[in-house]
Amino acid sequence: MPEQASPTSAPVRQAVVIGGNRIPFARSGGAYAYSSNQDMLIAALDGLVARFGLQGERIGEVAAGAVLKHSRDFNLTREAVLGSALSPATPAYDVQQACATGLETVVGLANKIKLGQIDSGIAGGVDSASDAPIAVSEGLRRVLLDFSRARTTQQKIRTLAGLRPKDLAPNAPTTGEPRTGLSMGEHQALTTAAWEISREAQDELAFRSHSNLAAAYERGFFSDLVTPYRGVTKDANLRADTSLEKLATLKPVFGKALPTPATMTAGNSTPLTDGASVVLLGSEDYARAHNLPMLANVVDAEAAAVDFVNGKEGLLMAPVYALPRLLQRNSLTLADFDFFEIHEAFAGTVLSSLAAWENDDFCRNQLGLEGALGTIDRAKLNVNGSSLAAGHPFAATGGRIVASLAKALSEKGSGRGLISVCAAGGQGVVAILEAR
Amino acid sequence: MSEVVLRQVPGLPALYRDAVLLAARRRFRGAAVPLTVPEIRYRADGVRVEARALTAFQHLLGEPARDTLPSAYVHAVAFPVAMSLLARPDFPLPLLGMVHLGNTVQQSRSIAVSERLDIVASAENLRAHRAGTQVDVVTEVSVEGVPVWTGRSVYLTRSVLLPATADTPTPDRPAETPFAPPVPTAVWRFDGSAGRRYAAVSGDWNPIHLSAFSAKALGMKRSIAHGMYLAARMLAQACPGPTDDLRWSIDFATPVLLPGMVAVAFTDATPSGNLQGTPREGKQLPESGLPGRSRPGGAGGTGSAHPDVTPAGRVRTDIVGWSRERSRPHFTGRVERSA
């Protein structure tokens, strides 16, 4: 029996956020230094299972992913399901869209629920910057592959003779963009400078992220969103006692070769982090039948990408382009939102995006709008802290944001929330949740 | 003009070896070579491209291994034919120690890996340069009688000076425009073996690129990156797609010593109004005095075939690469193609 479709939308049923769970995020090389992606994803899943009584339950589908992924983890999510307390009859698939991975898993599963293909789903993501995959060099890889294909001993010997001493040095992953060789921080430094974002404004945003996250922990906001793991109970990057003065003492780390003064520090940039998060989604019928809460509806989402390779736009500016398209499709404006969750890859990313949406010329010429998109009320921005304070285990950030925003909407009891996540490769995803 | 038909494309190592022997003979015998370009062209017909070698080239440049040839790879395939001409004992400029000043290429359509290439190379326009003498080498690649790729490479030799005449005065050193580095959009890192790796995929085993030792023997401080490696990388980034109706040029200013790092800026230089709906009025860092198309070769430059106006319906990317430490440009380039 299909559910009642809302009068304003197409006749599909609602997909609701039932709840979420994550392990506290730890700094790279910290408490989770020896935990694998699978370990952490299972820990997050098991916490979710315990919270919502899903032991042995067959979930419609689980979708998750990791950005830094070992090749042996080709079926990471399915393996995590097999290692979790969920029913082994639960199917799963992996998603990879750089830092937008987590949000994209929510969007994909919500769409399946809306179409009636599944009744329940768990979306999520995990990343370990500590337990990063290290690959053999291209030379050694070639030799090993050719060796495995060689038929005769002679061919095998000839193949091995092609090996050079330097081929034995391994390749570690980098945060550099493959096509430009610039790190993400160096790319953001270009954008930060182009929008003339001041050091003070970035430190101020970082400070608010820490104080908002600390306050959220203080009032128990995360008590049903986070499960301790490996002795960690709170995000290890959180500095509740930081101050604008302390942030002002940090030395710039990105943009030092630019003609403008460098403004990006370790304080207003996210650190490398380990962690995992998951979100339980379902149809209204599923939630009611299992006596589960319904925090928010997943309304809609939009992805965008920009040409940063040829210097036409900043690497992390794609959400700026996605948002007006999403708003237009849903006949909404910035004034229709009560919460804005803009992922803080760098303070400069958030502030450059805000500046772009406020800029009349930019919105006219680049976004094809009639004028500036509008201003976002800072009092509604990242009210429970964001990545600068919590840390940013790439694929786990989407799940953290969706669960936190759904809970904030549920607490308020009305309104809408907007999510914006930028990603490597010049990509970005934005999404709308609404309170029930 | 007479023609030498090569039955197969010669290997470059042999050409370089002959060049060393020739240089030694010239030094000891002082054989006088006439200061005119030989009226002769070199031809190789039906040249095949090997898919595996093409793949290695494409992967080194970070390009998808398509079944069409990167425009810079066509240069690599045709290069030995041009080199055969330059290596002639009666060529006025000795091959060893020649400096590559730049290239201009026009390509009318994509070339498939399966196509047989007819390659013709000739030299022209021997002229004075403030630091020596330069010459253009023109290479034309045709498929079934239709030209598809035409390249003009400019080389400089410091050891030969043309007598200045009233008609052809020796050009003066151009006024130095101080180089103000633009905002980089990429960084290219070249390790110590970059020269050997490009040699392996391009076949250009010129000793100045291979090792510090072989480069020193030819008077360089260290080994240097192939100019065509820079050009190929520039193209791989600026037009990763099909290469139909492509024009590109590159001027080399200072060599990239290996290992080394090159800061690079790609700028969309499509004139506004060329393409509807894509104005570029957004926020960008102020242009910090890019010296435009700096002509390291002084007057004459590469004799660029590019019109200064980009025709409607075409997009243009300007590229500059420079050394961050020394704040000096390595190259400036331009890539123009159909939108």
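Here are some questions and answers about a predicted model with a chain A and a chain B.

User: How many residues does chain A put into the contact with chain B?
Analyst: Let's start with where the chains meet. Together they bury about 1,900 Å², and 53% of that is on carbon and sulfur atoms. Chain B brings 22 residues to the contact, and the number from chain A is 23.

User: Which element gives the largest share of the side of chain A that touches chain B?
Analyst: We only need elements of chain A that give two or more residues to this side, and those are α12 (360-365) and α6 (184-194). One of them supplies four residues, which is the largest share. That element is α6(A).

User: How many residues on that side of chain A are nonpolar?
Analyst: Sort the residues of chain A that touch chain B into three bins. Five go in the charged bin and eight in the polar one. The nonpolar bin holds 10.

User: Which residue of chain A forms a salt bridge with Asp268(B)?
Analyst: Between chain A and chain B the count is one salt bridge. To qualify, the nitrogen and oxygen must be within 4 Å, and here the closest N and O atoms are 3.8 Å apart. The partner of Asp268(B) is Lys312(A).

User: Which other residue forms a salt bridge with Lys312(A), this one inside chain A?
Analyst: Lys312(A) is partly exposed at 32% relative accessibility. Its partner inside chain A is also partly exposed, at 27%, and the closest N and O atoms of the pair are 3.8 Å apart. That partner is Asp307(A).

User: How many residues apart in sequence are the parts tied together by Arg329(A) and Glu302(A)?
Analyst: These two form a salt bridge, with their closest N and O atoms 2.7 Å apart. Arg329(A) sits in helix α10 (residues 318-329) and Glu302(A) in strand β9 (residues 296-305), both of chain A, so the pair ties together parts whose separation in sequence is 27 residues.

User: Is Glu302(A) buried or exposed?
Analyst: Its partner Arg329(A) has a relative accessible area of 45%, so Arg329(A) is partly exposed. Glu302(A) has just 14%, and the cut-off for buried is under 20%. So Glu302(A) is buried.

User: Where in chain B is Arg43(B), which pairs with Glu3(B)?
Analyst: Glu3(B) and Arg43(B) form a salt bridge, the closest N and O atoms being 3.1 Å apart. Glu3(B) is in strand β1 (residues 2-6), and the pair links parts of the chain that are 40 residues apart. Arg43(B) is in strand β2 (residues 40-47).

User: Is Glu144(B) buried or exposed?
Analyst: Glu144(B) has a positive phi near 50°, even though this residue isn't a glycine. You'll find Glu144(B) in the loop between β5 (132-143) and β6 (146-157) of chain B. Its relative accessibility is 76%, and exposed means over 50%, so the word for Glu144(B) is exposed.

User: What is the relative accessible area of Asn382(A)?
Analyst: Asn382(A) isn't a glycine either, yet has a positive phi of about 45°. This residue is in the loop between α12 and α13 (387-390) of chain A. Asn382(A) is buried, and its relative accessible area is 2%.

User: Which peptide bond leading to Pro259(B) is cis?
Analyst: Pro259(B) is in the loop between β8 (246-252) and β9 (260-268) of chain B. The bond that leads into this proline has omega near -10°. The cis bond runs from Leu258(B) to Pro259(B).

Methods:
Residues numbered from 1 in each chain as written. Chains lettered and ligands numbered in written order. Predicted model: local features only at pLDDT ≥ 70, side-chain atom pairs only at ≥ 80, totals over all residues. Heavy atoms only, no water. Contact = heavy atoms within 4.5 Å. Buried area = accessible area lost by both parts, 1.4 Å probe. Salt bridge = Lys/Arg side-chain N within 4 Å of Asp/Glu carboxyl O. Nonpolar A, V, L, I, M, F, W, Y, C, P; charged D, E, K, R; others polar. Buried < 20%, exposed > 50% of the residue type's maximum accessible area, 1.4 Å probe, protein only.
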